[in-house]
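Subject: A structure for you to explore

Hello! I am passing on a structure for you to look at, and my notes follow below it. Please keep it open while you read.

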Amino acid sequence: GKDFIASIIHTNSKRSSKPYITLNCGAIPKDLIESELFGHEKGAFTGAIAERVGKIIAADGGTLFLDEIGDMPMDMQIKLLRVLQERVVDPVGSNVSVPVDVRIISATHRHIEKEIEAGSFRADLYYRLNVLPLTLAPLRERAEEIPLFVNHFSDVYKQGQKSIKFSAPFLAEMKKYHWPGNIRELSNMIHRLSVLHPGEVISLER
């Protein structure tokens, strides 16, 4: 999946000894994403009972992976653009800019060019981010890789000493499936089967 690819880029780079931080822009409420990204000072707003370090500063020297960046609110896009241009972060409620050196990797399921035309994504931010584009094909177009993912997730989610196994006909059906949820859907399915049928062989008959 996208997160896995981003983590590989980080691990095999000169930044590997520094933090690798992730943030799903579509999973954070609009009123909280600024604090998540940039951090805040104690008392900056109601409920800010302590200082918080944002994801960008936490990733200083390393890599920040921003998933679903197409869902980022427009006002946050402006502030992220400033970080990329000036390499400083302004925590909420602070008058002091914090210098940062961070690699940003972003991903989205949206068609960003169409979002730009619709006025919901800034063209200048897109061109700042789109330095080295990578296209990751959906799982349905990489059916030959499914057995590799199956073995990996079966080992990750094994209950006890033995991981679940899959019969050849079951694997063949998995290759034919559309997988609208991509790697996450496959991972969740194997996790569920590992809990329900630990160490067993999963076949079409059950």
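Which residues are linked with K2 in a network of salt bridges? The partners in this network are D67 and E68. Before you go further, please keep in mind that this is a predicted model.

Let me start with one pair from that network. E68 and K2 form a salt bridge in which the closest N and O atoms are 3.1 Å apart. This pair ties together distant parts of the chain: E68 sits in the loop between β4 and α4 (74–86), K2 belongs to helix α1, and 66 residues separate them. As background, side chains with opposite charge can pair when their charged atoms come close. How covered are the two partners? E68 counts as buried because its relative accessibility is 13%, and the cut-off for buried is under 20%. K2 has a relative accessibility of 29%, so K2 counts as partly exposed.

The total count is 13 salt bridges, and here are two others you can look up. R142 forms a salt bridge with E145, with 3.1 Å between the closest N and O atoms. In that pair R142 is buried, because its relative accessibility is 13%, while E145 is partly exposed, because its relative accessible area is 25%. The other one joins the side chains of K158 and D155, at 3.5 Å from N to O. K158, with a relative accessible area of 35%, is therefore partly exposed. D155 is partly exposed too, because its relative accessible area is 44%.

Now for the sheet. It is an open sheet of three strands in the order β1-β4-β7, and the pairing is parallel. Which strands are at the edges? They are β1 and β7, each of which pairs on one side only. On average, neighbouring strands of this sheet are turned by 20° against each other, direction ignored.

You can trace the pairing strand by strand:

- Strand β1 (residues 20–24) runs parallel to β4, and five bridges join the two.
- In β4, I21 has L64 as its bridge partner, and L23 has L66.
- β4 is also joined to strand β7 (residues 103–106) by four bridges, again in parallel.
- In β7, the bridge partner of F65 is I105.

Is β4 mostly covered or mostly open? Strand β4 (residues 63–67) is mostly covered, with five of its five residues buried. T63, F65 and D67 point one way from the strand, L64 and L66 point the other way, and all of them are buried. You have met D67 already: this β4 residue is part of the salt-bridge network with K2 and E68.

Last, have a look at the surface. Which residues make the nonpolar surface patch of about 770 Å²? They are F4, I5, I8, I9, V131, L132, L134 and L136. One of them, F4, is found in helix α1 (residues 2–11), the helix that also holds K2. F4 has 49% relative accessibility, so it counts as partly exposed; exposed would need over 50%.

If you would like a route through the model, begin at the network of K2, D67 and E68, follow β4 to its neighbours β1 and β7, and finish at the patch that includes F4. Enjoy exploring!

Best wishes

How values were computed
Residues are numbered from 1 along each chain as its sequence is written. This is a predicted model: local features need pLDDT of at least 70, side-chain atom pairs count only at pLDDT 80 or more; totals for chains, interfaces and linings use all residues. Side-chain values use heavy atoms; hydrogens and water are left out. Patches are made of residues with over 30% relative accessible area and no salt bridge: like charges are joined within 9 Å, nonpolar side chains (Val, Leu, Ile, Met, Phe, Trp, Tyr) within 5 Å. Accessible areas come from the Shrake-Rupley method with a 1.4 Å probe; for residues, only the protein chains shown count as cover. A salt bridge is a side-chain nitrogen of Lys or Arg within 4 Å of a carboxyl oxygen of Asp or Glu. Buried means under 20% relative accessible area, exposed over 50%, partly exposed in between (1.4 Å probe, protein chains only). Two strands pair if DSSP finds at least two bridges between them. Axes are lines fitted to C-alpha atoms, for helices over the stretch in contact, and angles run from 0 to 180 degrees between N-to-C directions.
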